[in-house]
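These are my notebook entries on a structure I looked through step by step. I begin with a single span and end with the contact between the chains.

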Number of protein chains: 2
Amino acid sequence: MPRQRDRVGWAEPALLILASLADGPKHGYAITKDVEEQTSIRLGPGTLYAAIARLEERGLVAPLDEDERRRPYRLTAQGQTVLDDKLRAMARFARTGLTRLGVANA
Amino acid sequence: MPRQRDRVGWAEPALLILASLADGPKHGYAITKDVEEQTSIRLGPGTLYAAIARLEERGLVAPLDEDERRRPYRLTAQGQTVLDDKLRAMARFARTGLTRLGVANA
DNA sequence: GCCACTACTACGTATTACGTAGTATCGTAT
DNA sequence: ATACGATACTACGTAATACGTAGTAGTGGC
């Protein structure tokens, strides 16, 4: 029975995936590795592939040439737009929050 | 029957609440208003109060003097630490993502 | 030929998000 | 005085996600 860990994360898997693909097309496993390197967040296969499927349904990512061992995806134009919006909102929010906390930097 | 809207948000309600309290103590309704002003994200009561209850259980927020009409909360020291960590991670992530997207600024 | 790493699929449970409805108080304009 | 919108929550049910485990299979090195 799956037990949940810490909770109160700061980014949803969907966004982590989109951001990972901003780098260029990747297949699932490569996304996991990339996300882990960048954020220390480990996405299990259940989380990862389910999220990718939803992103595809919504037209934010699209599959590439189907190798039957790897399943690469790319960001769609809409995916780029959405990602850009969300990242900007995040950046603004983080800055405001840190200011409110009275943090030294910005 | 509750219908879900857009999905692929960029921040969890829990984090929005913590950030709102970084400003100073607030009660639930005031948090909703503040979050909406800052982020355009509208937290319904179901989402809001459930999230607050979880944050309290986890010791990230604490209730203040119980007026029986308003229920104010403040950030705990642990809540501040957690918030600070998450916001820094978010900021780093957003910057990296925007860079990957080839955005003009940082 | 074994074993670790790569890459997924399938499945079930735990958590969370979200909307609606309902209750009650307060302020203020009529 | 009273009607009405804004304030402030509680209660409840459903929908959507997150997450972990197990299982399957190919690949590369030693």
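**Entry 1: a span of chain A**

I first looked up residues 17–84 of chain A, whose end C-alpha atoms lie 13 Å apart. The span is 56% helix and 13% strand. I note that the model is a predicted one. I chose this span because of its record, and UniProt, in an unreviewed entry, places the feature "domain: Transcription regulator PadR N-terminal" at residues 17–84 of chain A.

**Entry 2: chain A as a whole**

I then listed the elements of chain A and found four helices and three strands. Along the sequence they follow the pattern α-β-α-α-β-β-α. Chain A has 106 residues, and 34% of them count as buried. I also looked up the contacts in chain A between residues at least 6 apart in sequence, and 46% of these join residues at least 24 apart.

**Entry 3: the sheet of chain A**

In which order do the strands of the sheet in chain A stand? I found an open sheet of three strands in the order β1-β3-β2, with antiparallel pairing. Its edge strands are β1 (26–27) and β2 (61–63) of chain A, each of which pairs on one side only. Strand β3 of chain A covers residues 72–75, and three bridges join β2(A) to β3(A) in antiparallel fashion. As one position to find in the view, I noted that Val61(A) stands opposite Leu75(A) in β3(A). Helix α3 (residues 45–57) of chain A lies across β2 and β3 of chain A. This helix runs at about 100 degrees to β2(A).

**Entry 4: the sheet of chain B**

I repeated the search in chain B, where an open sheet of three strands has the order β1-β3-β2 with antiparallel pairing. Here β1 (26–27) and β2 (61–63) of chain B each have a single partner strand, so one side of each is left without a neighbour in the sheet. Helix α1(B) packs on this sheet and touches β1, β2 and β3 of chain B. The direction of α1(B) makes about 85 degrees with that of β3(B).

I next went through the pairings one at a time. β2(B) is joined to β3(B) (residues 72–75) by three bridges, and the two strands run antiparallel. Pro63(B) stands opposite Tyr73(B), and Val61(B) stands opposite Leu75(B). β1(B) and β3(B) are also antiparallel, and they pair over two bridges. In that pairing, Tyr73(B) is the bridge partner of Lys26(B).

Which side chains of β3(B) point to the face where they are buried? Tyr73(B) and Leu75(B) point to one face and are buried. Pro72(B) and Arg74(B) point to the other face and are not buried. I wrote down the general rule beside this: in a regular strand the side chains alternate between the two faces of the sheet.

**Entry 5: helix α1 of chain B and Ile17(B)**

I returned to α1 (residues 13–21) of chain B and looked up how covered it is. Nine of its nine residues are buried, among them Pro13(B), Leu16(B) and Ser20(B).

I took Ile17(B), which is in helix α1 of chain B, as an example. Why does Ile17(B) count as buried? Ile17(B) has 29 C-beta neighbours inside 10 Å, and a residue is buried if it has 20 or more. Leaving aside its neighbours within four places in sequence, Ile17(B) is in contact with Ile31(B), Ala51(B), Ile52(B) and Leu55(B). I also looked up Pro45(B), which is 28 residues from Ile17(B) along the chain; their C-alpha atoms are separated by 13 Å.

**Entry 6: how the two chains meet**

How many residues does each chain bring to the contact? The contact takes 30 residues from chain A and 30 residues from chain B. On the side of chain A that touches chain B, α1 (13–21), α2 (28–39) and α4 (77–100) each supply at least two residues. The largest share, 16 residues, comes from α4(A). By type, the residues on this side of chain A divide into 18 nonpolar, six polar and six charged.

Last, I superposed the copies. A turn of 180 degrees and a shift of 0.0 Å along the axis lay chain A on chain B with an RMSD of 0.0 Å. The two copies are therefore related as by a two-fold rotation axis. The same surface serves both copies, and 100% of the contact residues of chain A recur in chain B. Of the residues of chain A, Ala91(A) comes closest to the rotation axis, with its C-alpha at 2.7 Å.

Definitions and conventions. Residues numbered from 1 in each chain as written. Chains lettered and ligands numbered in written order. Predicted model: local features only at pLDDT ≥ 70, side-chain atom pairs only at ≥ 80, totals over all residues. Buried ≥ 20, exposed ≤ 12 C-beta atoms within 10 Å, placed from the backbone. Contact = placed C-beta atoms within 7 Å. Nonpolar A, V, L, I, M, F, W, Y, C, P; charged D, E, K, R; others polar. Pairing = 2+ DSSP bridges. Axes fitted to C-alpha atoms, helices over the stretch in contact; angles between N-to-C directions. Least-squares fit on C-alpha atoms with pLDDT ≥ 70 in both.
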